[in-house]
Every structure is written in C-alpha cells, then in structure tokens.
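User: Please go through this protein model with me, one question at a time.

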Amino acid sequence: MGLDLGSPLNAVLAGIFGLLIGSFLNVVICRLPKMMERQWAAECAELSGQLPVEPAPVEKYNLLVPRSRCSSCAHVIRWYENIPILSYLFLRGKCSQCGAPYGLRYPLVEAVTGAVFFFCVWRWGWSVTALAWCGFAAALLVLALIDWDTTLLPDDITLPLLWAGLVVAALQLNPAVNLSAALWGAVAGYLSLWGVYWAFKLVTGKEGMGYGDFKLFAALGAWFGWPALVPMILMASVIGAVIGIALKFSSGLREGGYVPFGPFLAGAGFTAMFFGPQSILRVVGL
C-alpha cells in the first residue's frame, strides 16, 4: 500500500473532520454503557413482572439526546463550548458554570481521532479504503475506552466491526487480505480465545475474560487475516501482563484484580494498522 503524498490538503481536512468525529466518540464512550444498563434493567424488570401498570415517563436518552451536560451541575454545554480541543483550552478544562474539571480524556480522544483520520487519508488517499480504516480506528478507540471503564465490549460495535472487515475483504478494499484469509481470521480469532477461556475456567473455576474479547479478536482477524493473529495476541498479552503487574505493585488494580484485555487487543490492532502485523513481532522482541 503506497503513500498518497500528492494531496496533503485532503489529509488535513480529514484530520479536522476526525476532530469532530472524536467529539461524538466521547459521547458514545460515555452514553453507550449507560444505555446498555438501562436496557438490561428494563428487560430484567419485564421478565420478573415488576413493571408498573403505568410506568412513569422517562427522559429520552440515546446518543443524540439529551444535550451534553456538566456531570456536576447539569449545565447544558453550549455549541461554542463544545468545539473540539479549542473549547477545552479556552475553558481551561473546566465547566463554565461551576468550575468542575472535565478531564483530559475528552480532548485526547478528539486529538487521537483527528490524527488517525489524517493518517488514513495521507496513506490511502481520499478513497473508500481510507474511509473504511477511519471507521475501523474509531470503533477500536471506542471499544478500548469502554472496556477500560466498564469491562464491557458492546456487541453493537464488535459485531459490525467484524462484518465490516469481511465486507472490506470481499470488496478487495484491502489488497493485503483476501476474503479467505479474513474469514478464517475471524473464525480462528474467535475460537482461539474461546478455547483459552474454557481451558482457564476448567482449571481454575474462574472466568479469565469475557465473550466480548472473542468477538473483538475475531474482528481483528477479519481485518488483518489469520496470519496476523499470532503477532497481535503476543503483543496484547505481553503489554497486558506488564501493565497488569505494574498496576498490582502500585495498588492500581480495580476490585477483583481484573484488568480488561480489550484495550490491549485494540492497541495491537492500531499497531497492525499503522506499521503492519509483522512489525508487532519486532515490538515484542521476536
């Protein structure tokens, strides 16, 4: 895949668009887990027969409504307070009403998304292939952060990501991976972690990972083909182990001592996208 250096302006425009998309990704990262919790609660109440005859009206809550608000004072964020990165800098990372800090993650997600979109268009030009990889990167970023926050990998993202990888291969948008390699990559990705899950459970009686990890690894197999699975799982495992040990010694582990695996799979996916799967072997020293 050669670099398209003839249209740097397109890459810059893509980067600016990526900043806007990054702002929306922050909403997805924050709201999707809450939407899932509400759905599960409603389903449990319905199955248990605990729904009231006339349920109280509930404020509509999805990725579009209500408007973004400060979590401390419920101040509705105005449009000019929501300009990617610039508003954060102008407000010094604080709510304009109560002064509560917003956190550095918001501008970082916007900046990373903008940088990735810039890279995709710089590398693949203004093309459907670039658009596909932009979508891949956005989904991977959202999955990594949701999993780190909640230990959940939503099917609403992992499954479309898997199918998108197969479609990209079928349409030959990624010359490095044909449909056969993508299909068997998805199969091998899922079954490999499924096998590890059950082996660990039979030996220890505990669950070492969730089913979302199987689906995410299957999606990576669909995008990069089955030969890339071994390098990616090696990188994710090595980095995950290092960070897990560091968190243990620094008393940074969450309750139960669990470190989600999804962010490290996502990191391996980003590395494979930027540098190629074989570069991962060099990263882990093989």
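The questions below move from the overall fold to salt bridges and then to single residues in loops.

User: How should the numbering and the values be read?

Analyst: Residues are numbered from 1 along each chain as its sequence is written, and side-chain values use heavy atoms, with hydrogens and water left out. The model is predicted, so local features need pLDDT of at least 70 and side-chain atom pairs count only at pLDDT 80 or more, whereas totals for chains, interfaces and linings use all residues.

User: How many helices and how many strands are there in the protein?

Analyst: Helices (H or I, at least four residues) and strands (E, at least two) are taken as DSSP runs and numbered from the N terminus. Along the sequence the pattern reads α-α-α-α-α-α-α-α-α-α, and the count is ten helices and zero strands.

User: What is the radius of gyration, and what does the globule rule give for 286 residues?

Analyst: The radius of gyration is taken over C-alpha atoms, and the globule rule is 2.2 Å times the number of residues to the power 0.38. Because the two values are close, the protein is as compact as a globular protein of that length: the radius is 21 Å, and the rule gives 19 Å.

User: What percentage of the residues is buried?

Analyst: Buried means under 20% relative accessible area, exposed means over 50%, and partly exposed lies in between, with a 1.4 Å probe and protein chains only. Of the 286 residues in the protein, the buried ones make up 41%.

User: What share of the contacts with a separation of 6 or more joins residues 24 or more positions apart?

Analyst: A contact means heavy atoms within 4.5 Å. Among the contacts with a separation of 6 or more, residues 24 or more positions apart account for 71%.

User: Which residue forms a salt bridge with R105, and how many residues apart in sequence are the parts that the pair ties together?

Analyst: A salt bridge here is a side-chain nitrogen of Lys or Arg within 4 Å of a carboxyl oxygen of Asp or Glu, and the structure holds four of them. R105 meets D149 at 2.6 Å, N to O. R105 lies in helix 3 (residues 105-124) and D149 in helix 4 (residues 128-150), so the pair ties together parts whose separation in sequence is 44 residues.

User: Is K215 buried or exposed, and which residue is its salt-bridge partner?

Analyst: K215 has a relative accessible area of 17%, which counts as buried. Its closest N atom is 2.8 Å from an O atom of the partner, which is partly exposed at 36% relative accessibility. The pair links helix 7 (residues 211-224) with helix 5 (residues 155-170), 60 residues apart, and the partner is D155.

User: Where does the cis peptide bond lie?

Analyst: The bond has an omega of about -5 degrees. P66 is placed in the loop between helix 1 (8-48) and helix 2 (86-90), and the cis bond joins V65 and P66.

User: Which residues have a positive phi of about 60 degrees without being a glycine?

Analyst: One of them is in the loop between helix 4 and helix 5 and is partly exposed, with a relative accessible area of 34%. Another is found in the loop between helix 5 and helix 6 (179-204) and counts as exposed at 66% relative accessibility. In that order, they are T151 and Q172.
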